[in-house]
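Grab a coffee and open the viewer: here are some exercises to work through, each with a solution in steps. Try each task before you read on.

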Amino acid sequence: MGGETGSRPSTHHYPKLTAKPVGKQIHSIYRDRLRQFTGEGQYKAQGLEPKIVEARASGPPAVKLSVWSAPDLTRPTFEDATKHTFKPSKIGDAFGPSWSTHWFKLQVTVPKDIKDRNHLELHWDAGNEGLVWTEDGVPLQGLTGGGERIEWILPEAYRDGKEHILYIEMACNRMFGNANGDTNFPPDPNNYYTLTTADVVAINLDARALFYDFWIIGDAAREFSEQSWEEHEALQVANAIMDAFIAGDGSNESIKEGRKIAQQYLGDKIDSEKVYEEDSADTLVSAVGHCHIDTCWLWPFAETKRKVARSWSNQCDLMDRYPEHRFVCSQAQQFKWLKMYYPALFDRVKSKVKTGQFQPIGGSWVEHDTNMPSGESLVRQFLYGQRLFESNFGERCQTFWLPDTFGYSPQIPQLTQLAGMTRFFTQKLSWNNINNFPHTTFNWVALDGSQVLCHMTPAETYTAEANFGDVKRCVTQHKSMNNDPRSLLVFGKGDGGGGPTWGHLERLRRCRGLSNTKGKLPKVAMGGSVDEFFSKLQKKADEGTDFVTWYGELYLELHRGTYTTQANNKRNNRKAEVLLHDIEFLATMASFKDDIRRHGGFGVNAQLLKSYKYPKKELDEMWELVLLCQFHDCLPGSAINMAYRESDEFYATVFKTGKKLLKDAMTALGLLDCTSESQDQVLVNTLSFDRSEIIDSTSPEKPAGSINVRGLGISLTEASKRSWVETAPTIHENGDGEYVMENHRFRIKVSEGAITSIYDVAADREVLPDGSRANQLTLYDDKPLNWQAWDVEMFHLRSRKELRAHKSAILESGPNRVSVASETKISERSSIRTVISLGAAPTPGSQEGEDGSGPGSFITVTSDVDWHEEKKFLKVEFPVDIRNTNATYETQFGLIQRPTHYNTDWDMAKFEVCCHKFADLSEAGYGVSILNDCKYGFATQGNVMRLSLLRSPKAPDGEADMGNHTAKWAILPHIGALGAETVRAAAAFNNPLVSRHHDGGSEGSSYLKSALDFDATSRILGALSLDKSRSDPAVVIDTVKRGEDDEDVSTEGAGGIPIRKGRSIIVRLYDSLGGKCRARLHFGELPVKKVVKCNVLEDDGEEVGIKDGGVVVQLRAFEVLTLRLSV
């Protein structure tokens, strides 16, 4: 057809006759065979791993050992330890007990027969952590133990045949503490660790490299689809490597041949960073090393300081050996510790930061819990964190990094934006135990509408092993492919520290080589940064990509018990936050008293004339301790007992310092401690709204009196200032064990420690459903599926048991309040005493709080618990005659609504939630709020509201919550919708008015004689206020403090952060109810020259015009607004 003249002879000879039968490989058999080459089974001795070590020298003269053991579980410095006398030691010696420290002196002499080998290492393994030091005290590298990260590469100088000295600091704990069995069990205090290895070792680098070649090729054979040619080729290549090894009897030549075969599949660039240079434009996976170090968890805070040094020295070493390695590291506190205790290593880290290899990230003081800290605490996490990063490294962080926290507050996007960060990384919601979170990359939207770009790694871990499967899952588990297919792979040993190993980096090189040569596996990029990754996503958004949105909290459907566990620790957090709030306000006003006095033109007493300096240094120290204790395994209650002994000491320091600072500020304002009951008193209100307080009557026949105290101000308690209560509250017993208490607002019935009726006189309404019991203590069996301190499962509700009081009696019968005390036996080991109180309520029409929310407007309960249970959960419940499908809970700077029903799995998953100072259930026209002074766990099921009180898990702290506990809560029925009444009542419930005696300038002077001096103090404290006639009641002044860098208060150590000329006051306001609102901030006698809006880092922004001695500002719903007032 084509003009052919004849057939062409074949250029290849195809045999006419078959030489032998050839069968099809049985795929599964040849795949299972791969385990023989590198596995731990019966053929290990004939496999590759024994070929990695070429030679080993153990014991003297190669390694001479001596040791000094630190006494009493101390952790001495290098300088202290090396002053002591070291005693001879040897392999086989055991060291302990748990948490002890032992310093080893190693005299290393490389034997002649191995000194010329290609690669020499020191191998050290005692099954615990350690740190290698030079002879002159420079930390070099951390050791993990237990076969992992046990090697330290010997320098070339050690090949000279001479003796070289180094030190190893042994910590008697494993990477995950000292628990035996399950790592979450309480630590065994008597662990001893045997030194099994202290050798000089020669390594066959070809054999070690082939080990990783084979690892990745074997993964391809196992994880690629059996229907793909890539999988079949991987299997053939892996079997060919084994065949060559067997044929060469495991010789070095056979190992080299195996590497050549491997490179057919992986490429020839896998032994260097050049593998990442090939076709890098279409990489989908950005890999960054990371070392998550829990600041405390299964080890104490003190051990974390050493974990930081061990882990970060490892990374600096890897950066020298692997140029592509980039390492991200969060938590400003840990950088501060490194600088304090390991200055040489800190300088090394700083040099790596300059090259871009070591990348500070996160912008917060610690990786903190976001559920329970107050709004201001979250602000300070960012303020203190960003300032440390800026002052030490010259830059602030752009990405908020929080991979392991147990759920995320709905205000985080707003606060993150205000802290200069527009990106957020986590992965924790992959732990949900009910629903799968539907997004990978999305815009997360706060209560006020602020958003951040969020990425949750589809590898679903922040401790990836950097293997084939991790890279593959970055695509197969990606849930936002329609917007952008990129993903972040975060790899390295974590939780207990360590970070990436050279093995991680070797595996990633081979994964990239496979992608370069065969495709199929997504290409992984190294050498970039997290910020660069997010910048690519933000560029797509700028170009029009609409990333999906998620509004409100990122609720973790797991670890719900952390809202309750370690109750005293949580109580300390709440009380410390209140204390810091008060000190900052009073100290700020005291520091401007002379300015106010001069501007107002009034005289002052001797105390007010004394100089006063704002205690910035001491406040910083207090804040740093409080922020430290908000770490996500401390505040939630999931650490070991040792950590809580430390946090107790931290809080004791906070309260001791705070008590002194509070007294100093009060004294500077002429407000002294009361020394006798006969002294007239001054009530100090550090909250921004007017409040009333019932002043106890000293006579049973005389009614109580109510004092109104202006917001951010003071009031005298003398008789002429009181609004008298015409009728004292009453109480009587019916004779059948029922007690009836009554004031102008409520009539309450109490039986067996519970409230059987609350009749709201003003609303003409019964609050409780018929036959129900409010303030009913209930006990539950509490055995979660896993994670005792962390989890509570929904099935615990099936074990509900009512606790009835066995003894009740009238405790108080007026005129100030009436109360019933009840004693309830929880078990043979535990009991609780509760006191239900009803205060005197001012006669309708008389002066009370701005919203009628004075102390007579709610029912107060105080509790004292002696708690010695095991795996039980104590709650108190409040059924109310109200119907709504949503309940409302206070969160940071706002409110959040959550379902009261179980319509869907998403609704049901929120059977236990976090709240701050109150929870509320309201319907049209009426509602009930439950206030508390130190609790965070809550649930609303239908019309039953439950406040969680105590848990008793036995792991990881076997003594968690055992002992005595005090707590207060209150029932606040309210006419109308949830409003400012509840917000203010809850704030006041947590921050009682402070009683002081005003110094009149001379001993024994009375208030009438020192009215001018009292007026001076009043005008100084009241210089800042919200104009009630022009301010929405939803607006709250949350914080009043001095500017961080004011020239008269700035502390040393701020590094490159410049001191700001002049003096200023920072005022932080927010809308508390969720609506657009307006406020007028009045300056009184304060000579304010200029007002600007600023972010939470106190960077100045838009100027606000001053008019008539104040400024008017407008806020979005739930907006946080910070103002700088320059004086």
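**Exercise 1: a helix and its cover**

Task: how far does helix α7 (residues 301-321) reach from its first C-alpha to its last, and how many of its residues are buried?

Solution. Keep in mind that this is a predicted model. Start with the length: α7 has 21 residues. At 1.5 Å a residue you'd expect 30 Å, and the helix reaches 31 Å from first C-alpha to last, close to that value. Now the cover: 17 of the 21 residues in α7 are buried, so the helix is mostly covered, with buried meaning under 20% relative accessible area.

**Exercise 2: sorting a ring pair**

Task: which kind of aromatic pair do Phe-37 and Phe-245 make, and where in the chain do the two residues lie?

Solution. Step one, the distance: the ring centres are 5.0 Å apart, and the cut-off for a pair is 6.5 Å. Step two, the angle: the planes stand at 75 degrees, so this pair is edge-to-face, given that anything over 60 degrees counts that way. Step three, the location: Phe-37 belongs to helix α2 (residues 35-38) and Phe-245 to helix α5 (residues 229-247). That puts them 208 residues apart, so the pair links distant parts of the chain. Step four, the surroundings: Phe-37 has 4% relative accessibility and counts as buried, and Phe-245 is buried as well, at 5%.

**Exercise 3: from a pair to a core**

Task: what kind of pair do Phe-335 and Phe-358 form, and which cluster of rings are they in?

Solution. Go for the geometry again: with 6.2 Å from centre to centre and 80 degrees between planes, Phe-335 and Phe-358 are edge-to-face. Phe-335 sits in helix α8 (residues 332-341) and Phe-358 in strand β15 (residues 358-360), so the pair ties together parts 23 residues apart in sequence. Both residues are buried.

Next, widen the view. Ring pairs join Phe-335 and Phe-358 with Trp-312, Phe-327, Phe-346, Phe-389 and Phe-393 in a cluster. Leaving out residues up to four places away in sequence, Phe-358 touches several side players, including Trp-312, Cys-316, Met-319 and Val-349.

Then look at the nonpolar core. The largest one has 145 residues, and Trp-312 and Phe-358 are among those with the most contacts inside it. Helix α19 (residues 641-668) gives the largest share of this core, 10 residues. Apart from it lies another core of 55 residues, among them Ile-731, Val-767, Ile-896 and Leu-947.

**Exercise 4: charges over rings**

Task: which arginines sit over the rings of Trp-215 and Tyr-889?

Solution. Over the face of Trp-215 you'll find Arg-507, 4.4 Å from the ring centre. For Tyr-889, it's the charged end of Arg-898 that sits over the ring, 5.0 Å from its centre.

**Exercise 5: reading a sheet**

Task: what is the strand order in the open sheet of 3 strands that holds β53, and which strands stand at the edges?

Solution. Write out the order: β50-β53-β56, with antiparallel pairing. At the edges are β50 (1025-1026) and β56 (1110-1115). Each has a single partner strand, so one side of each is left without a neighbour in the sheet. Now zoom in on one pairing: β53 (residues 1077-1082) and β56 pair in the antiparallel sense over 6 bridges. To find the register, look for Ala-1079, which stands opposite Val-1113 in β56.

Methods:
Residues numbered from 1 in each chain as written. Predicted model: local features only at pLDDT ≥ 70, side-chain atom pairs only at ≥ 80, totals over all residues. Heavy atoms only, no water. Phe/Tyr/Trp six-rings, centres within 6.5 Å; stacked < 30°, edge-to-face > 60°. Helix = DSSP H or I, 4+ residues; strand = E, 2+ residues; numbered from the N terminus. Buried < 20%, exposed > 50% of the residue type's maximum accessible area, 1.4 Å probe, protein only. Lys NZ or Arg CZ within 6 Å of the ring centre and 35° of its normal. Expected span 1.5 Å × (residues − 1). Pairing = 2+ DSSP bridges. Core = buried A, V, L, I, M, F, W, Y, C linked by side-chain atoms within 4.5 Å. Contact = heavy atoms within 4.5 Å.
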